[in-house]
Amino acid sequence: VKIMSRILITACAIIFTTSALFAQQPTADSIATEPKQARWTNVIKGDSLLALAGANGKLDYAVFGQVARNDEQYNALVARFENLDGKFELSDIFVLYYGQAFRDDFAGGHISGVITPETSDFEAAYNECCQKLAKSPTSLRLLGEAGMLAHKLNLPEEVAKKYRIRYLLIREVITLTGDGTFDQPYKVVHISDEYEILFSLLGANSIVTQGVASGATIMDRITYTIKSATTDPATNEQQLEQQDAYFDIELPMAYLQKMFLGEVKSDEKN
């Protein structure tokens, strides 16, 4: 009920058109601060798939998974997403991000980036990033790194901008599922997306601790520091305060459990 109410309040059905995004040249800050009502152009009842998924007052993510398991339909949607071709309904992005967890080729929730402090061959890193994105096209970490590497390689601005828009669309959908609290955690498919939310959206300065929390679902709890409104009189610098963020990891954990059970059954046969 909370998730559906949250989405209903945003009055959303049709996501930005590609032309509008390119014309506005959105930044992460503008997407994060603009009222959501100003960014969505229709009401939720106009999106039949999203209405079906929320028919019982709570989002049934398996509905998005059922669509995603249709290879032809899913691959066509991925191709449109990669090229930002045309207009997307909100449910399209839910299918892309959450639906992938129900596919047989789901790579799991742990996606490592390609950039390290030692990275110097940006072309090789970019090629590797593109290869990884082909398998995980909605990974915030990979989309962010692809955009940075595109800048490093002085690729056309339009290339980097497409990665940024894709990043913002995925991040936007994640933030519709909760607010990062214990009762309304953000629902993620990739564990690495937790850190993207923390640093690019919540303004985290550093990670203090992280662990698993028990609630209505399986959650990661991450304690992080953020600059406070007060300053240290000795240094005149902003002081840091600690906050907690919660992430629903039910979908990636289901994948790991399936892997584990599969291995157990295989061993039993031997």
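Here are some worked exercises on a predicted model, covering its aromatic pairs, a helix crossing and a sheet.

**Exercise 1. Classify the ring pair Phe64 and Phe94, and say which helices it links.**

Solution.
- Start with the tally: there are 9 aromatic pairs in the structure.
- For Phe64 and Phe94, the ring centres are 5.1 Å apart and the planes sit at 25°.
- Planes under 30 degrees apart count as stacked, so this pair is stacked.
- Now place the two residues: Phe64 is in helix α5 (residues 61–68), while Phe94 is in helix α7 (residues 90–97). With their positions 30 residues apart, the pair links distant parts of the chain.
- Check the surroundings too: Phe64 and Phe94 are both buried.
- Finally, look for further rings. Phe64 and Phe94 belong to one aromatic cluster together with Tyr61, Tyr97 and Tyr98.

**Exercise 2. Do the same for Tyr126 and Tyr163.**

Solution.
- Take the geometry: 6.3 Å from centre to centre, with 80° between the planes.
- The cut-off for edge-to-face is over 60 degrees, and the Tyr126–Tyr163 pair is indeed edge-to-face.
- Tyr126 sits in helix α8 (residues 122–135) and Tyr163 in helix α10 (residues 157–176), so the pair ties together parts 37 residues apart in sequence.
- As for exposure, Tyr126 and Tyr163 are each buried.

**Exercise 3. Find which rings Arg80 and Arg164 lie over.**

Solution.
- Go to Arg80: its charged end sits over the ring of Phe88, 4.4 Å from the ring centre.
- Then try Arg164, which lies over the face of Tyr167, with 4.9 Å to the ring centre.

**Exercise 4. How do α7 and α10 cross, and which residues meet there?**

Solution.
- Get the axes first: those of α7 and α10 come within 10 Å and cross at roughly 95°.
- Angles of 65 to 115 degrees count as roughly perpendicular, and that's therefore the label for α7 and α10.
- Now list the contacts. From α7 come Leu90, Ile93, Phe94 and Tyr97; from α10, Leu169, Ile170, Val173, Ile174 and Leu176.
- Notice a familiar name: Phe94, which meets α10 here, is also the stacking partner of Phe64.

**Exercise 5. Work out the strand order of the sheet and walk through its pairings.**

Solution.
- The sheet is open and has 4 strands, ordered β3-β6-β5-β4, with mixed pairing.
- Pick out the edges: β3 (186–187) and β4 each have a single partner strand, so one side of each is left without a neighbour in the sheet.
- Next, take β4 (residues 206–214) with β5 (residues 218–231): they run antiparallel and are joined by 8 bridges. Gly211 stands opposite Arg221 in β5, and Ser214 has Ile218 as its bridge partner. The hairpin between β4 and β5 goes through 3 residues.
- Move on to β5 and β6 (residues 238–248), also antiparallel, with 10 bridges. Asp220 faces Phe247 in β6, and Tyr224 has Gln243 as its bridge partner. The hairpin here has 6 residues between the strands, and in it Asn236 takes a positive phi near 65°.

**Exercise 6. Is Ser228 buried or exposed, and what does it touch?**

Solution.
- Locate Ser228: it's in strand β5.
- Its relative accessibility is 8%, so Ser228 counts as buried.
- Setting aside neighbours within four places in sequence, Ser228 is in contact with Gln238, Gln239, Leu240 and Glu241.

Key: Residues are numbered from 1 along each chain as its sequence is written. This is a predicted model: local features need pLDDT of at least 70, side-chain atom pairs count only at pLDDT 80 or more; totals for chains, interfaces and linings use all residues. Side-chain values use heavy atoms; hydrogens and water are left out. Rings of Phe, Tyr and Trp (its six-membered ring) pair if their centres lie within 6.5 Å; planes under 30 degrees apart count as stacked, over 60 as edge-to-face and the rest as tilted. Buried means under 20% relative accessible area, exposed over 50%, partly exposed in between (1.4 Å probe, protein chains only). A charge sits over a ring if NZ of Lys or CZ of Arg is within 6 Å of the ring centre and within 35 degrees of the ring normal. Two strands pair if DSSP finds at least two bridges between them. Axes are lines fitted to C-alpha atoms, for helices over the stretch in contact, and angles run from 0 to 180 degrees between N-to-C directions. Angles under 35 degrees count as roughly parallel, over 145 as roughly antiparallel, 65 to 115 as roughly perpendicular and the rest as oblique. Contact means heavy atoms within 4.5 Å.
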